[in-house]
Amino acid sequence: MAERKRLIAGNWKMYKTREEAKAFVEGLTEQLATANINLKEQNSVKAVICAPFTALAGLADMLEVQHVAVGAQNMHEAEVGAYTGEVSAAMLQDVGCQYVILGHSERRAYFAETDAGVAKKTIVAIHKGLIPIVCVGETLTEREANQTQTVISSQMEAVLDELVKQSDQIAVKEGQFVIAYEPVWAIGTGKSSSADDAQAVIGFIRSLIAKRLGEATAQAVGILYGGSVKPDNIKTYLSMQDIDGALVGGASLQPDSYTALLVNSF
Ligand code: PGA
């Protein structure tokens, strides 16, 4: 198995004004010092916070000091244009983003994002040098109907088809393409997937990537688990062979719990 760096990505969703984001960074700075953690001096865990658009600019500068990267939670695939309310990859980079979450289940459910749309955005992000964190996952109804693999396959194949088409231009390098497996029923519910179930699906996702893009690429892709990850359960996920980190909502909002997630990831 390739040695992939762990990624602990916070997803703040629609929480935190700039003032609240600043308070988070101050708290995090204190907590990291207390825990004696210098993220610059270690090579095993990468910390990322995906914040609302309005908080991004200031946050990237403040978090850079702590060696925490910043990401957005969505973007538009066009370079520029008459797309009222939308934000492009270049705009995200302009405010210091290195990452962008794409196809989160909340965007699929409430903003009609489709597999094909998410695939397009993924390609643009990679072309532009942003690291996409592409979310996939089944609903409870789908899981209970034994549809998990079917749903994950179609979400993944949409993205993999585009990557195969672009394979002369895009080489997926280690750490440059991230998938987050987030069972919809586990998001914000406190009902996390068992680590074994998460490993089974994530191993399946890696096998899909291997089939289309080859084993070496599959081993270079980071695959995260997300859905009610907390400081007290993160270790069980990270102990699994194919789970390379976590995408965390609720537990990333407070400096103490986010620091605890990092501490438990080393
Ligand atoms: P949660 O959210 O950690 O609050 O369950 C995860 C996510 O939506 O990415």
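This briefing describes the overall build of a protein, the surroundings of its ligand and its largest pocket. The model is predicted, and the protein it shows has 11 helices and eight strands. The ligand is mostly covered, since the protein buries 97% of the area that the ligand exposes when taken alone, and 13 residues stand around it.

**Overall build**

- The protein has 266 residues and a radius of gyration of 17 Å, which agrees with the value near 18 Å that a compact globule of 266 residues would have.
- Taken along the principal axes, the box filled by the C-alpha atoms of the protein comes to roughly 45 × 45 × 35 Å.

**Ligand surroundings**

- Among the 13 residues around the ligand, those that come nearest are Lys 13, His 104, Glu 182, Gly 188 and Ser 228.
- His 104 places a polar side-chain atom 2.7 Å from an oxygen atom of the ligand, whereas Gly 188 approaches through its backbone, with an N or O atom lying 2.7 Å from an oxygen atom of the ligand.
- Ser 228 likewise takes part through its backbone, a polar atom of which is 2.7 Å from an oxygen atom of the ligand.
- Taken alone, the ligand exposes 280 Å², and the protein buries 97% of that area.
- Sorted by class, the shell around the ligand holds seven polar residues, four nonpolar residues and two charged residues.

**Largest pocket**

- The volume of the largest pocket is about 460 Å³, and of the 16 residues that line this pocket, Lys 13, Met 14, Gln 73, Arg 107 and Phe 111 are the closest to its centre.
- Lys 13 therefore appears in both settings, being one of the residues that come nearest to the ligand and one of those closest to the centre of the largest pocket.- Helix 4, which spans residues 105-110, supplies three residues to the lining of the largest pocket, and this is the largest share of that lining.
- By class, the lining of the largest pocket divides into seven nonpolar, five polar and four charged residues.

Technical notes: Residues are numbered from 1 along each chain as its sequence is written. This is a predicted model: local features need pLDDT of at least 70, side-chain atom pairs count only at pLDDT 80 or more; totals for chains, interfaces and linings use all residues. Side-chain values use heavy atoms; hydrogens and water are left out. A residue is near a molecule or strand if one of its heavy atoms lies within 4 Å of it. A polar contact is a pair of N or O atoms within 3.5 Å; within protein, one must be able to donate a hydrogen and the other to accept it, and residues adjacent in sequence count only if both atoms are side-chain atoms. Accessible areas come from the Shrake-Rupley method with a 1.4 Å probe; for residues, only the protein chains shown count as cover. Ala, Val, Leu, Ile, Met, Phe, Trp, Tyr, Cys and Pro count as nonpolar, Asp, Glu, Lys and Arg as charged, and the others, Gly among them, as polar. On a 1 Å grid over the protein atoms alone, a cavity is a set of points where a 1.4 Å probe fits but cannot get out, and a pocket is an open set with protein on both sides within 12 Å along at least five of seven lines; lining residues have an atom within 4 Å of a point. Grid points are joined across faces, edges and corners, and a volume is the space filled by probe spheres set on the points. Helices (H or I, at least four residues) and strands (E, at least two) are DSSP runs, numbered from the N terminus. The radius of gyration is taken over C-alpha atoms; the globule rule is 2.2 Å times the number of residues to the power 0.38.
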